[in-house]
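Here is my note on the model you sent round, set out as numbered points so that each can be checked against the coordinates.

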Amino acid sequence: MTIGIAASGANAGESVRAAVLAAELLGRGAIGGFAVFAAMLHDGKVCHCVTQRGGAAKLAIPDEWLLATRAAAISSGPDRPEPLQQFLPGFDGIGLVSGHRLPNRAGSDGEPLNRAVLRRLASGELPQHAVDAVLRGNGQSDAGLIAVDAQGRIGWGNSQRVASRADLGSFHRSEGDRRLAILHNSIYFMRDTADAVGSLAWGCLGGNASAYQFLSLQQGVELRTAQSDRIQLDIDGNIALIETAAAQMSQMSGRFTAVYLGTPVWQGARLVGHVISELIGQVQDGCVMRSLDPVSAMVVMRKAEHVAS
């Protein structure tokens with residue numbers, strides 16, 4: 001598994017979803033395939049949503065789950081062994097365990113590592129103690145684990161074997177009742193963009209305003225030929241107009257890079273940022289058409305330094 005996330009606090013479900021979406025928009029590697037989302041609802045019930053292909057964009061997550069205060073996700077390439085819930089198990093009223101690499105593999109005692117952590121949570125152990133104990137006893141297992149319990153506490157870590165990899169990334173933050181942890185491997189980001197994944201997710205939890213923002217097409221928008229590339233936002237912050245200097249782009253039909261990397265973003269007369277991902281969309285009759293796939297209708301913007309958060 002390539003990325004695992006757990007979050008607690010207001011809108012934890014939305015935070016987890018944002019992390020996966022951001023990784024799919026900004027990264028390259030084994031992402032955008034299988035995904036499992038899990039939420040613990042207010043009554044302690046654990047609910048799952050899964051897909052074998054398409055990543056976060058294909059997860060039909062109910063709004064109630066996005067508002068959950070305990071949530072987790074795991075994602076990687078497509079077509080993984082069923083049932084997909086084995087990669088992100090949960091116990092009602094106890095907790096959820098995500099991770100990366102192979103968190104579902106049996107440990108030295110024959111029990112899957114993620115379920116061993118859950119069992120420890122059920123016996124009253126704190127998430128960090130439970131994760132540390134399981135990984136300490138399985139140092140050569142190919143797994144990293146993230147656990148969130150019903151009280152919103154989070155524990156995370158990598159086995160000794162995984163910790164020696166050169167392609168690891170992580171993000172973790174805790175403030176008041178807001179907590180977030182992300183572990184990933186084999187996802188390759190451009191310089192300085194890996195932090196955007198955690199920053200966008202943390203912003204959903206109500207933490208410090210993110211230096212990054214998702215921008216999306218709410219409907220088909222005009223693609224206009226201009227002397228330079230530019231995105232114009234409406235008053236709600238949605239993409240209202242795309243200008244391009246690409247030769248003959250607005251007169252062509254087909255699937256093209258409609259928003260080029262680094263394009264400046266304007267709202268009225270203000271420069272508000274630059275995009276750090278591209279939008280490859282269907283161009284038809286001078287318009288970029290709105291895709292049913294939200295990832296294909298979104299870009300990530302890095303906010304201009306002078307724009308107030």
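The points below cover the basis of the model, its nonpolar cores, one helix, the cysteines, the salt bridges and one serine.

1. Please keep in mind that this is a predicted model, in which local features need pLDDT of at least 70 and side-chain atom pairs count only at pLDDT 80 or more, while totals for chains, interfaces and linings use all residues. Residues are numbered from 1 along each chain as its sequence is written, and side-chain values use heavy atoms, with hydrogens and water left out.

2. The largest nonpolar core has 44 residues, and those with the most contacts inside it are I5, F37, W65, L180, I182 and V197. A nonpolar core here is a set of buried Ala, Val, Leu, Ile, Met, Phe, Trp, Tyr and Cys residues joined through side-chain atoms within 4.5 Å, where buried means under 20% relative accessible area, exposed over 50% and partly exposed in between, with a 1.4 Å probe and protein chains only. Helix α1 (residues 12-26) supplies the largest share of this core, nine residues; helices (H or I, at least four residues) and strands (E, at least two) are DSSP runs, numbered from the N terminus. Another core, of 20 residues, lies apart from that one and has L215, L223, A297 and M301 among its members.

3. For W65, once residues up to four places away in sequence are set aside, the residues touched are G13, F37, A39, L41, C47, H48 and C49, contact being heavy atoms within 4.5 Å.

4. In helix α4 (residues 127-136), the buried residues are P127, A130, V131, A133, V134 and L135. The cover over these buried residues includes α3 (113-122), β8 (143-149) and β9 (154-158). As background, an α-helix has 3.6 residues a turn, so residues three or four places apart point the same way.

5. A search of the whole structure finds zero disulfides, a disulfide being a pair of cysteine sulfur atoms within 2.5 Å. C47 is in no disulfide, and the nearest cysteine sulfur, that of C49, is 10 Å away. C47 counts as buried at 9% relative accessibility, whereas C287 is partly exposed at 26%.

6. The same kind of search finds 10 salt bridges, each a side-chain nitrogen of Lys or Arg within 4 Å of a carboxyl oxygen of Asp or Glu. R101 pairs with D142, with the closest N and O atoms 2.9 Å apart, and this pair links distant parts of the chain, R101 being in strand β7 (residues 95-101) and D142 in the loop between α4 and β8, 41 residues apart. R101 is buried, at 19%, while D142 is partly exposed, at 23%.

7. Which acidic residue forms a salt bridge with R224? The partner is E243, the closest N and O atoms being 3.7 Å apart; R224 lies in strand β14 (residues 221-225) and E243 in strand β16 (residues 239-244), 19 residues apart. R224 is partly exposed, with a relative accessible area of 36%, E243 counts as buried at 18%, and E222, R224 and E243 are linked in a network of salt bridges.

8. S277 is found in the loop between β19 (270-275) and β20 (279-284) and is buried, with a relative accessible area of 3%. The side chain of S277 reaches the backbone nitrogen of V300 at 2.9 Å. Leaving aside neighbours within four places in sequence, S277 is in contact with L25, L26, L261, V299 and V300.

Technical notes. A polar contact is a pair of N or O atoms within 3.5 Å; within protein, one must be able to donate a hydrogen and the other to accept it, and residues adjacent in sequence count only if both atoms are side-chain atoms.
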